[in-house]
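Let's walk through this structure together, one helix and its neighbours at a time. Take a look at the picture first.

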Amino acid sequence: MEGQNEETTEQNASDQTVEEVLTVVLGETLKRRRLELGLSMEKLSQLSTVSRGMLGLIESGKTTPSIGILWKLSKTLRIPIGEMIPDLFSQSPRFVASNEGKVWASQKNPIKSRVFYQEERERLNLVEWILEQGKLTQFQHLPQAHDIKIYQVSGTSKIKLKNKSFQLEVGDSVFFPISELDSIENGSDLPTKFLWISTKKFR
C-alpha cells in the first residue's frame, strides 16, 4: 500500500511537470504568433475580447486557458488550435521511463541529452539536457529556423545571447531564436539539468 502511494505521488509529480511544460510551450507559441502579426497585447485583447491580464498570464506560462479562450485566440491570431501545441495532445497519455528516449552524449563537451518528444515534421521537440561543469558554444548543427525555450529543472545555467545574458535558477525559463544563442554555461561543480523546447517558426 505504501509503495502504491509513493508510485502515485511520483506519477502526480511527473504529470505536473508535463502540464507545466505544455503550458509554457502554448504561451510562447501564442506570443510568437501575436508578434508576427504585429499586435500589441492591448490590441489582441480588444480583438479577441480576452482580458489583457489573462493574456499576460497565458503568454508567461502561468495559466492554461480554457477551450473557450483558445477558440477566441485561434480565430483572432488565425492559427488552428491543433497547431498551438502540434500533435502533442493527440498522443496523450504519453509516458517516458527514465531509461527510455534517444540519448546523445558529446565526446568533446560535458553534455548529455535525452529526447522526450520529437514531432515528425520537427515543429516541436522536447529534450532534456544535462550539462556538467563547462561551456557549450557550438550550435550550428541545430535547425536555425527554430525558436528555443529553456526551462531550468535543477542547478543553474548561464545563457549568453548575442546582446544579452541570463542566469537561470530552478523554475526560470528564457525564450529566444536559436540564431541568437552564443553559449550555455554551467559554472557549478554540480550538473545542471534543463528542458530544451524547440519550436519551428511560423512562415
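Start with a small detail: a polar side-chain atom of serine 48 sits 2.7 Å from the backbone oxygen of leucine 44. A polar contact is a pair of N or O atoms within 3.5 Å, where, within protein, one must be able to donate a hydrogen and the other to accept it, and residues adjacent in sequence count only if both atoms are side-chain atoms. This is a predicted model, in which local features need pLDDT of at least 70 and side-chain atom pairs count only at pLDDT 80 or more, while totals for chains, interfaces and linings use all residues. Residues are numbered from 1 along each chain as its sequence is written, and side-chain values use heavy atoms, without hydrogens and water.

Serine 48 belongs to helix α2 (helices are DSSP runs of H or I, at least four residues, numbered from the N terminus). Is serine 48 buried or exposed? Serine 48 counts as buried because its relative accessibility is 3% (buried means under 20% relative accessible area, exposed over 50%, partly exposed in between, with a 1.4 Å probe and protein chains only). Leaving aside residues up to four places away in sequence, serine 48 touches Lys72, Leu73 and Thr76 (contact means heavy atoms within 4.5 Å).

Those partners lead us to helix α4, where Lys72, Leu73, Thr76 and Leu77 meet Leu44, Leu47 and Ser48 of α2.

Now turn to helix α3. Here Met41, Glu42, Leu44 and Ser45 in α2 meet Arg52, Leu55, Gly56 and Glu59 in α3.

Technical notes
Helix = DSSP H or I, 4+ residues; strand = E, 2+ residues; numbered from the N terminus.
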